[in-house]
Amino acid sequence: MKTRITELFGIQHPIIQGGMHYVGFAELAAAVSNAGGLGLITGLTQRTPELLANEIRRCREMTDKPFGVNLTFLPVLTAPDYPGYIKAIIDGGVKAVETAGNNPQKWLPALHEAGIKVIHKCTSVRHSLKAQAIGCDAVSVDGFECGGHPGEDDVPNFILLPRAADELKIPFVASGGMADGRSLVAALALGAEGMNMGTRFIATQEAPVHQNVKDAIVAASELDTRLVMRPLRNTERVLRNAAVDRLIEKEKALGASIKFEDIIDEVAGVYPKIMTEGAMEAGAWSCGMVAGLIHDVPTVKVLIDRIMAEAEAIITQRLARFAAS
């Protein structure tokens with residue numbers, strides 16, 4: 001299947017693996033790329049630029065296909081060594097970067113000079129248009145369904161994607177609620193040129209996370225996520241657990257006076273405990289409503305091949321019947 005996204009990134013299938021903290025290691029990125037999608041290493045999971053450089057080298061040993069790096073620009077007082085991370089990406093010969101968080105404009109000239117294509121994650125049409133204006137090559141449009149940070153507008157993809165298609169000239173992929181061939185065909189019908197999957201890729205055999213995490217996703221329904229940190233305007237969609245229940249109780253009790261320090265035990269530094277050790281009650285972790293559509297833990301190749309076969313069947317058989325009638 002050829003779209004502007006497959007052409008832009010030199011990939012076979014219009015499927016991108018989202019950048020996920022303590023999930024996007026070389027093993028998963030390489031598996032996605034080898035299966036014809038675009039795998040992403042999560043940059044800030046690597047604590048230093050040197051460690052990121054090592055992870056890029058490790059991924060290069062596992063695949064000869066294009067892969068990328070996710071780099072999130074955080075609104076923090078003490079920023080990570082972003083110049084170092086950018087240098088590691090460029091020196092590593094990476095040709096695709098997914099940016100997220102704050103405006104990536106100051107880093108675009110160096111990335112583009114190195115021949116790197118940049119796709120920026122956006123949760124609104126206005127942010128997507130800004131990404132286009134500053135020179136991003138593509139955007140990932142994240143609907144309200146998505147795991148992680150859905151923004152503050154609460155617009156689901158059935159509205160957000162066609163709105164983006166109406167406004168954007170650069171290609172975009174759909175993110176949030178993406179799981180199977182139906183998701184891909186729907187995204188294409190609504191104007192996207194591919195899809196980005198996060199939660200679905202956690203529940204694969206190659207995802208280097210504890211089995212408890214994969215089991216929790218398979219067991220969850222579409223009703224089992226919660227929105228937290230909304231009073232702090234840093235909304236995150238997470239899977240419900242005991243820590244999330246405690247966090248929500250604190251938000252109710254403290255109201256508008258809540259500070260990040262009040263919930264630090266539930267959100268700070270919890271990912272290694274959850275993803276590596278499988279301590280499922282350790283804190284809040286990102287998970288999309290799409291968990292309700294996830295019922296197995298296949299290999300990445302089986303998953304992507306299945307998605308493409310489903311998509312082709314829907315387009316050539318089911319939809320073709322409607323067109324002929």
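## Ser 33 and helix α2

Outside its neighbours within four places in sequence, Ser 33 is in contact with Leu 38, Gly 39, Thr 63, Lys 65, Pro 66 and Phe 67. The model is a predicted one. Ser 33 sits in helix α2. Its relative accessible area is 2%. The cut-off for buried is under 20%, so Ser 33 counts as buried.

**The helix around it**

Helix α2 covers residues 26–34. Of its 9 residues, 7 are buried, so α2 is largely enclosed by the rest of the structure. Those buried residues are Ala 26, Leu 28, Ala 29, Ala 30, Ala 31, Val 32 and Ser 33. What do they pack against? The partners are strands and helices, listed here with their residue ranges.

| Element packed against buried residues of α2 | Residues |
|---|---|
| β1 | 15–17 |
| β2 | 39–42 |
| α3 | 49–62 |
| β3 | 67–73 |
| α9 | 199–202 |
| α14 | 300–324 |

After α2 comes Gly 36. The phi of Gly 36 is positive, near 105°.

**Packing on α3**

How do α2 and α3 meet? They pack at an angle of about 35°, and their axes are 9 Å apart. The crossing is right-handed. On the α2 side, the contact uses Ala 26, Glu 27, Ala 29, Ala 30 and Asn 34. On the α3 side, Glu 55, Arg 58, Cys 59 and Met 62 take part. By type, the residues of this contact are 5 nonpolar, 1 polar and 3 charged. Ala 26, Ala 29 and Ala 30 are among the buried residues of α2, and they also belong to the contact with α3.

**The whole protein**

The secondary structure comes to 14 helices and 10 strands. The radius of gyration is 19 Å, close to the 20 Å that the globule rule gives for 325 residues, so the protein is as compact as a globular protein of that length. The C-alpha trace spans about 60 × 50 × 40 Å along its principal axes.

How much of the chain is buried? Of the 325 residues, 53% count as buried. The protein exposes about 14,200 Å², and carbon and sulfur atoms supply 55% of that area. Contacts also reach along the sequence: among those with a separation of 6 or more, 62% join residues 24 or more positions apart.

Methods:
Residues numbered from 1 in each chain as written. Predicted model: local features only at pLDDT ≥ 70, side-chain atom pairs only at ≥ 80, totals over all residues. Heavy atoms only, no water. Axes fitted to C-alpha atoms, helices over the stretch in contact; angles between N-to-C directions. Helix = DSSP H or I, 4+ residues; strand = E, 2+ residues; numbered from the N terminus. Left-handed = near helix turned anticlockwise from the far one by under 90°. Contact = heavy atoms within 4.5 Å. Nonpolar A, V, L, I, M, F, W, Y, C, P; charged D, E, K, R; others polar. Rg over C-alpha atoms; globule rule 2.2 N^0.38 Å. Buried < 20%, exposed > 50% of the residue type's maximum accessible area, 1.4 Å probe, protein only. Areas by Shrake-Rupley, 256 points an atom, 1.4 Å probe, with all protein chains shown as cover.
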